[in-house]
Structure formats: C-alpha cells, structure tokens
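Subject: Handing over a structure

Dear colleague,

I am passing on the structure below, and I would be grateful if you could look it over before reading my notes.

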Protein chains: 2
Amino acid sequence: MKVLNRTEIEAGVTPAAAIAAIEAGFKAYSAGEVTVPPVGHLDFKHPPGEVHIKYGYRHGDSLFVVKIASGFYDNPTHGLSSGSGVMLVVSARTGFPEAMLLDEGYLTNVRTAAAGAVAARYLAPRHVNAIGIIGAGVQARMQLDFLRHVVACRKAIVWARDPSKAAAFAVPDFNIEAADSTADLAARCNLIITTTPSRTPLLAASAVRPGTHITAVGADSPGKQELDALLFARADIRVVDSRVQCFQFGEAAHSLRIHPELRDSFVELGEIVADTSLGRRNDEQISVCDLTGVAIQDVEIAKVAYASVASE
Amino acid sequence: MKVLNRTEIEAGVTPAAAIAAIEAGFKAYSAGEVTVPPVGHLDFKHPPGEVHIKYGYRHGDSLFVVKIASGFYDNPTHGLSSGSGVMLVVSARTGFPEAMLLDEGYLTNVRTAAAGAVAARYLAPRHVNAIGIIGAGVQARMQLDFLRHVVACRKAIVWARDPSKAAAFAVPDFNIEAADSTADLAARCNLIITTTPSRTPLLAASAVRPGTHITAVGADSPGKQELDALLFARADIRVVDSRVQCFQFGEAAHSLRIHPELRDSFVELGEIVADTSLGRRNDEQISVCDLTGVAIQDVEIAKVAYASVASE
C-alpha cells in the first residue's frame with residue numbers, strides 16, 4: 001500500500017498525460033464501458049460542510065477508484081482551504097487497496113482542467129485569436145495552463161467579479177488583459193471558459209460572436225449557473241460531459257427548462273472524441289460544452305497519479 | 001494523517017471497548033441520532049468480486065468514517081483472503097482526512113462479534129448452561145471470544161457443516177464439544193449464535209427450547225438465511241439491529257414473508273439498550289436477534305481504533 005502526498009502527486013502528473021487520460025475516459029464513458037454508480041453524499045450542519053463520494057471503474061481495468069471530496073465552508077476562517085479530498089486506488093482483481101492519494105483536492109482541479117482542454121481540442125475554432133477566462137481563481141489559472149497543450153494562442157482576456165483579482169491574474173507565457181465586462185470579453189475572444197461557482201448567469205447569449213466555443217466548468221451541483229439559459233439555443237453544437245448529469249443540474253438543465261425540444265440535440269464529449277464528425281464543422285458555428293464532472297475523470301486521473309509511482 | 005496497519009489496530013482495540021462502542025452506536029442509531037446513507041455497491045465479473053462502501057456519522061461527533069469492504073471470491077485460489085477492507089477516518093469539522101485504517105476486514109469481524117455480545121448482554125437468559133455456536137469459522141471463534149465479556153458460561157457446543165472443522169474448533173478457556181446436529185446443539189444450549197453464510201435454514205424452530213436466546217449474524221445480504229423462517233413466529237421477543245435493513249434482506253425478511261402480521265412486533269437492539277423493559281422478562285421466553293450489520297457499527301469501531309493511537 002503506497003501513500004502519496006500532494007507534492008509527489010504534483011510531480012507525477014503531467015498535463016499531457018492528464019489530458020490523454022481524461023479524453024480516453026470520456027470516450028469509454030460515452031461508449032458505456034465504465035461503471036460509475038450514483039454519487040454518495042454526506043451533509044454536515046455545524047460547521048456547514050458537504051462530502052461527495054465518487055467511485056467507479058473502466059471495464060477491464062485492473063484498478064478501481066474511490067474519491068472522497070469534501071467542502072467545509074468555515075475552513076478559511078481558520079486559515080484552512082475549504083476543499084479537501086483523498087482518492088483510494090484498489091485492485092479490481094483482488095479488492096486489496098494499492099494506493100492512497102492524499103491530493104487535497106489537487107487531482108479534482110487537474111481532471112477538470114484536463115476536461116476543458118479536451119473540449120477545446122475538439123470544439124475550438126481553428127484559429128483562436130484570444131482566450132477568454134471568466135473567473136480568476138485556481139481553476140481559471142489551471143484551465144489556461146492546460147489549454148497551452150491544445151491551442152497555439154497565448155493571448156488571454158480575463159474577467160472576474162473582483163477587478164483586483166482580474167488585474168492580478170497571471171499564467172506564465174500568456175499575455176493577459178482584464179476585460180471591463182463579460183460582454184467586452186466575448187467581443188474579443190472566440191474561445192471562452194467559465195470557471196466560477198456563480199448561481200446567476202454571467203455570460204449573455206447575445207454577447208457571443210459566431211465562431212466561438214464556450215466551455216462552462218462551474219455548474220457542478222444544483223443551483224449553480226454561469227451561462228445565459230438561452231445560450232444553448234443559440235449554439236449550433238450542444239455538448240455535455242454526461243447527459244444524465246447535465247440534464248439534472250448542469251447548464252444544460254437550465255436551458256432545457258426553457259427549450260425542452262433541444263433535449264435530443266445534445267452530444268456527449270466522449271461521443272465527439274469517438275466520432276469527430278459530431279463536433280465543429282466550420283469556423284462560423286457556435287459550440288457550447290457543459291462540464292459537470294464525471295466520476296470516470298476521477299478514476300482516470302487517479303490511475304495517472306498511481307502509474308507515476310507504481311513503475312518506480 | 002495516520003496510517004494504521006492491522007497489527008497496530010489489533011493491539012489498540014480491546015473487546016471491552018468494542019462492545020461498549022457498539023452498544024452506544026446501536027442506541028444512537030435507534031434514537032435517530034446518526035446519519036448512515038444507503039450502502040454504495042460495485043460489482044465485478046472477471047474475476048468475480050463485490051465492493052460495499054458504507055459511511056456515516058453520529059450527530060455531534062468530530063469524525064465521520066468511510067469503509068470500503070471487498071470480497072473477491074477467487075482470492076483463496078491465489079493464497080489470498082477473499083475479504084479485504086480499509087476505513088478512512090475524516091474530520092467532521094474540516095473534511096480533512098485524519099487516519100487510514102488498513103484493517104484488512106478485521107474491524108468488520110470485531111464489530112460483528114461485539115454486536116453479538118451486546119445482544120447476549122440484553123437478551124440471554126440469566127443462567128446460560130451452554131453456548132451453542134453454529135459454524136466454525138473466524139466469526140464463530142470471535143463470537144465466543146467476545147461472549148466471555150458478558151456471559152459467565154465457559155461451556156460451548158459447536159456444529160459445522162464440515163465435522164472436522166467442528167472437531168478442531170477451539171477458543172482459550174472454553175470447554176468445547178461438537179454436536180451431531182443443530183437439533184442436538186439446540187437441545188443442550190440456551191444461548192445460540194449462528195455465524196454462517198448459509199443460503200438455507202440450518203436451525204429448525206421446533207428444535208429450540210423455551211428460555212433460549214438465538215442471535216443470527218450471517219444473513220448480511222439478500223439470499224442468505226440461517227434460521228427457520230418460523231422461528232421468529234415462535235419467539236416471544238423479536239429483535240433486529242435495523243428494521244429497515246432486516247425487513248429488506250435479513251432473517252426477519254424471510255419470517256415476514258410467511259407472517260406479515262408480526263411486522264409491528266419487532267424491536268431494535270438499540271431500543272432495548274435504551275429501555276431494557278423491551279427485552280427479556282423471564283427465563284422461559286424465547287428471544288431471537290437478527291444482525292445484518294449497520295454502518296454505525298463501522299463508524300463506532302473505527303473511532304475506537306483511531307482513539308487508541310490519536311491519544312499517543
């Protein structure tokens with residue numbers, strides 16, 4: 001039984017390996033080649049906190065993974081990060097535990113950033129003139145850092161609710177400017193990533209130019225919403241990581257409340273990986289991808305982290 | 001983050017502490033003072049295996065526990081035990097992991113044996129003339145070993161499907177004889193524990209003498225059954241660890257298929273701990289206790305193991 005701490009995990013997981021693993025995971029998920037049971041939940045009141053237990057495996061794999069991710073919202077008042085997490089890697093041949101990844105939530109950030117890169121690889125226009133980033137937190141930085149592996153553009157426009165955070169936002173090699181508004185950002189960018197925990201839409205459907213791809217990664221639970229509910233209706237290509245999940249609580253769910261007739265037009269990202277004809281066909285189309293986070297991503301990223309030490 | 005191996009856990013958990021913790025856990029469970037969500041499942045086909053994920057907490061506790069227990073049935077052909085397991089102890093104040101218990105399934109055996117002792121403490125007749133043990137495996141041995149803490153009797157009669165295992169069965173300080181049949185055993189014992197994974201009844205209702213208490217610990221999932229379905233009807237006191245669970249797949253479920261009118265007569269063990277007037281009232285009554293295993297037992301036993309090192 002190996003126990004890996006965050007430093008070891010950060011050293012062992014490269015963005016390129018993470019992107020390849022998440023891409024393969026989405027493809028297997030959409031092909032029905034994975035088992036990911038419903039997420040387990042524990043809620044706490046005093047102090048307020050929530051715990052998600054996600055688990056599953058890819059059929060034929062020699063490993064399965066259980067992730068325990070927590071958010072305790074009073075932690076920052078004690079100088080602690082609100083999020084935490086561990087992943088347990090177990091043999092799917094014997095049931096014996098093989099590794100414990102004390103990643104403190106890092107791998108969840110990586111698998112989310114890697115999913116954004118996969119979406120951009122298949123859906124961004126051929127020439128990205130500027131990357132728009134909405135939000136200026138850890139995930140905003142990681143999305144941009146991972147996009148470098150799939151997009152040549154090194155110019156980014158950032159918008160955040162707190163202008164001082166937007167002004168301070170920096171990622172190596174990128175030329176970054178702050179936008180006055182999300183409309184200003186949308187006017188200057190044809191690849192946009194939204195990375196906030198917002199509960200009200202931040203990006204108006206009317207602000208988006210033809211030829212733009214938008215990926216939204218923030219709406220990972222009920223009540224959250226970053227995109228105008230009309231944006232999916234305006235889009236030519238409507239993509240989700242998981243139909244069952246996004247129709248329940250993602251940006252897609254908000255859209256379907258207004259336009260239920262769009263339901264059959266949604267494509268899973270893993271289906272596009274398997275058949276690129278389902279993706280972008282020209283540089284005039286608007287594409288939108290809603291990423292709510294699927295347990296197979298946790299399985300795949302844990303495998304990458306474990307493989308980096310298992311071979312030592 | 002502490003990582004405890006099986007040797008450390010065995011050294012840290014005394015039967016007396018385990019019995020006290022499980023007794024308190026049952027009481028809290030039946031009083032509605034615990035949160036234990038539905039068990040998570042993962043099934044594997046090649047090789048065949050099953051994984052249960054049990055988790056929960058006692059309200060007000062500073063810890064919650066996640067247990068991952070597995071059974072892979074081809075393991076013994078490779079010289080490995082079929083069962084394995086780990087428990088993760090996490091702060092219910094911050095969500096940060098505190099300890100990983102690599103108990104290899106040992107704590108599950110302990111919490112089951114401790115539950116048998118709690119049942120005997122509240123339900124056995126005042127004078128036990130001999131303890132009957134059906135089955136001769138690890139759990140049979142541990143049940144007897146834990147009963148020494150609540151019952152003065154040191155005479156035991158054992159029956160097992162394989163007579164050579166019954167003949168070899170030994171527990172320190174106990175005078176043990178093998179029985180020819182379960183009817184023979186029931187004729188000589190007034191405290192009986194069934195500890196097998198049987199899928200057909202082993203103990204006939206007609207064989208049980210007045211004044212006997214029977215605890216069945218084997219039926220922990222659908223399809224398993226150790227007791228004659230008529231035994232609960234013959235009993236004066238009908239006890240379960242969890243109504244919701246035992247009515248779904250325990251011995252009680254088999255009984256209710258024949259005698260649905262008994263449904264309201266079942267009492268939870270934790271209710272008897274809180275109010276002993278619900279338990280045995282004289283030495284002529286027959287009492288039966290169906291233990292399917294409740295996640296609060298895993299929570300409580302993990303707390304005992306963790307407390308043994310947290311104070312060091």
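The notes below go from the chain to the contact and then to the core.

This is a predicted model, in which local features need pLDDT of at least 70 and side-chain atom pairs count only at pLDDT 80 or more, while totals for chains, interfaces and linings use all residues. Residues are numbered from 1 along each chain as its sequence is written, and chains are lettered from A in the order in which they are written.

Chain A has 11 helices and 15 strands (DSSP runs of H or I, at least four residues, and of E, at least two, numbered from the N terminus). Its C-alpha trace spans about 55 × 45 × 40 Å along the principal axes. Of the 312 residues in chain A, 54% are buried, meaning that 20 or more other C-beta atoms, placed from the backbone, lie within 10 Å of the residue's own.

Chains A and B meet in a contact that takes 33 residues from each of them, where two residues are in contact if their C-beta atoms, placed from the backbone, lie within 7 Å. On the side of chain A that touches chain B, the largest share, six residues, comes from β5(A).

The largest nonpolar core (buried Ala, Val, Leu, Ile, Met, Phe, Trp, Tyr and Cys residues joined through C-beta atoms within 7 Å) has 203 residues, and A:Leu101 and B:Leu101 have the most contacts inside it. Leaving aside residues up to four places away in sequence, B:Leu101 touches several residues, including B:Leu4, B:Val86 and B:Ala305.

Best wishes

Technical notes: Buried ≥ 20, exposed ≤ 12 C-beta atoms within 10 Å, placed from the backbone.
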